[in-house]
Amino acid sequence: MTQVLSTLSRLDWQRMAGYTVRNPKQAFINLAIGYIVFRQLLKGAKKVSIYGVRSAFLLLWKRVAGAVVRHVRRAPGTGVIVQQNIAKIVKDIEDEMNVAIPGETKHVSIPSNGMSDDEILAVLERRQNEAGVDWKNGRVSGAVYHGGEELVQLTNRAYAMFNLTNPLHPGVFPGLRRIEAEVVRMVLDLYNGGAEHCGTTTSGGTESIIMAVRAHVVWGREERGIDSPNIVVPVTAHAAFDKAAEYFGIGITHVPVDPRTQKVDLKAMRRAIDSDTVLIVGSSATFPHGVADDLEALSQMAIKCKVGFHIDSCLGSFIMPFLREAGFPEVVCDFRLSGATSISCDTHKYGFAPKGTSVVMYNSKQMRHYQYFTISTWPGGIYASPTIAGSRSGAVIAGCWAALNKMGHAGYLQQCRDIVGCRIRIQRAIEQELPELYVVGEPSSTVVAFSANEPVGIYGVMDEMKKRGWDLNPLQYPAALHIACTRLTVPVADEFIRDLKQSVALVKADPGNYTKGSKAIYGFASTVPDTTIVDEVAQGFIDALYAV
């Protein structure tokens, strides 16, 4: 600071003032240019402080390279070729997904006369049994969180009983209102919530996260006068935070993680927080690697910096609160952390509730109020809703209530022992019996991520596992795979280890044979400078979901 003041004192301010009077237009232009340059230098300095010189330069290089590629794509001829290649990839995706089934009728318009019950059920049964990944025998990573056939039958009955109900009308369905309130309170109790803590149900983890971000954006505006808010998240945080930032038009800073532990870099997180930050995020645990961030340190950081702190426990849900009692290292991820202002927990994962249920919790009713939407001037009457949806399904809430009460504390505790124990069994096999592989990060939940040492290509391993019926999650930055263990994985853990050893051996024996397939797709996606190309392919994939 002394050097800056010394430099300013040597400037000829009188001469500069005279120039400004004689050339006001040019002086204004110079000032505007200087302001723009100064702002960019500040942004650059902040990126360097967060990511370090090398990583900040690589980010800049990728951004510039992406801009160059996008410019080239607009050139006559080049752009056409690129779009043709994208169209071909998308067409291949659609053809693979939308396979014609001999004898199967496509229903593309409402029938003139209604079909019979038997006809309808026959079509539904055929489509239910269409060949896919064998999830019933535990061959899929995550996706299906099965609490047992007896529980499924119970939740189905609860679902049917409340099939026509809607929480938007508590006067019509008072029993449903009590059921929903009890679901929220049971989950709050699990996360050490007191009388002052509160929450709402949502349709899933993404909506829970979006609602938490909205609450903090409104909190920042109302309590701190922040008009251009931003949130700070680990690079491993769920993509729902990026979705929320895009939906609300707010800033988002992605903070790097420790390459060994995959936990967020606390020093970088602190540097990323500024006067417009309304929320920082920690995961319990992360989707990619099943790692819990240092939540206690993040809680203290949030208190010191006077910002909100969200704990994303959508994946950890009904696993993390039982770790200590189940005999595993404890991860404190609840309202015992005084800096936590919101927590998300998916009941439809390891809570074994029907799909479409989650809970977002807050440290106070006032913070929950910032999530709500109300309008008192609508001609249709006074309108208020707690979450994004207006009308909601009471059936899934009833199914959730049934699952929580059926499983009970003892049931969830046993599932924690079994499922986390399964993850540890697989993790140890990778660490002790497969020198070609290594575990990514320090997992603490149900997920174990692993990558490969050269010359073994991890995506080649994924292709071989797919041939053996396994559907694993591909990861990037770094290239890896993960399996999210569920109740269905527990009895087939040894089969998984056996097939993994065989797959690694085949790839190791002939690594050059695996340059296509998944390696070509994910290798391209992680290296192409123009990410809009990957975005267009992803959009084509979503389009294919609606192809008939």
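Colleague: Why is Val-37 called partly exposed?

Modeller: The relative accessible area of Val-37 is 44%. Buried means under 20%, exposed over 50%, and partly exposed in between, with a 1.4 Å probe and protein chains only, so 44% puts Val-37 in the middle class. Note that this is a predicted model, in which local features need pLDDT of at least 70, side-chain atom pairs count only at pLDDT 80 or more, and totals for chains, interfaces and linings use all residues. Residues are numbered from 1 along each chain as its sequence is written, and side-chain values use heavy atoms, leaving out hydrogens and water.

Colleague: Where is Val-37 placed?

Modeller: Val-37 is in helix α3, which covers residues 24-51. A helix here is a DSSP run of H or I with at least four residues, and a strand is a run of E with at least two, both numbered from the N terminus.

Colleague: What makes the nonpolar patch on the surface?

Modeller: Phe-28, Ile-29, Ile-33, Val-37 and Leu-41 form this patch, and together they have about 500 Å² of accessible area. Patch residues have over 30% relative accessible area and no salt bridge; nonpolar side chains (Val, Leu, Ile, Met, Phe, Trp, Tyr) are joined within 5 Å and like charges within 9 Å. The areas come from the Shrake-Rupley method with a 1.4 Å probe. Val-37, at 44%, meets the area condition.

Colleague: Which residues gather in the patch of positive charge?

Modeller: Arg-39, Lys-43, Lys-47 and Arg-63 do. Lys and Arg count as positive, so these four residues carry the label positive. Each charge is placed at NZ of Lys or CZ of Arg. Helix α3 supplies the largest share of the patch, three residues, and Arg-39 is placed in that helix. With a relative accessible area of 37%, Arg-39 is partly exposed.

Colleague: How do you know that Asp-92 and Lys-88 form a salt bridge?

Modeller: The N to O distance between their side chains is 3.3 Å. A salt bridge requires a side-chain nitrogen of Lys or Arg within 4 Å of a carboxyl oxygen of Asp or Glu, so this pair qualifies. The two residues are four apart in helix α5 (residues 78-97), which means that about one helical turn separates them. Asp-92 is partly exposed at 40%, whereas Lys-88 is exposed at 54%. The structure holds 19 salt bridges.

Colleague: Why do Glu-222 and Arg-221 count as a salt bridge?

Modeller: The closest N and O atoms of Glu-222 and Arg-221 are 3.5 Å apart, so the pair falls within the 4 Å limit. Glu-222 is exposed at 52%, and Arg-221 is partly exposed at 43%.

Colleague: What does the salt bridge of Lys-501 and Glu-433 tie together?

Modeller: These two side chains meet at 2.4 Å, N to O. Lys-501 lies in helix α17 (residues 493-509) and Glu-433 in helix α15 (residues 394-433), so the pair ties together parts that are 68 residues apart in sequence. Lys-501 has a relative accessible area of 33% and Glu-433 one of 37%; both values fall between the cut-offs, so both residues are partly exposed. Elsewhere, Arg-139, Glu-495, Arg-498 and Asp-499 are joined into one network by salt bridges that share partners.

Colleague: How do you know that Ser-317 is buried?

Modeller: Ser-317 has a relative accessible area of 0%, which is under the 20% cut-off, so the word applies. Ser-317 is found in the loop between β5 (308-312) and α13 (323-326). Not counting residues up to four places away in sequence, Ser-317 touches Leu-190, Tyr-191, Cys-345, Asp-346, Lys-349 and Tyr-350, where contact means heavy atoms within 4.5 Å.

Colleague: Are Phe-352 and Tyr-477 buried or exposed?

Modeller: Phe-352 is buried, at 5%, and Tyr-477 is exposed, at 51%. Phe-352 lies in the loop between β6 (342-345) and β7 (358-362), and Tyr-477 is in the loop between β12 (473-475) and β13 (480-484). Neither is a glycine, yet phi is positive: near 65° for Phe-352 and about 55° for Tyr-477.

Colleague: Which residues does a cis peptide bond join?

Modeller: One such bond joins Ser-284 and Ala-285, with omega about 10°. Another joins Glu-454 and Pro-455, also with omega about 10°. Ala-285 is in the loop between β4 (277-283) and α12 (295-305), while Pro-455 is in the loop between β11 (447-452) and α16 (458-467).
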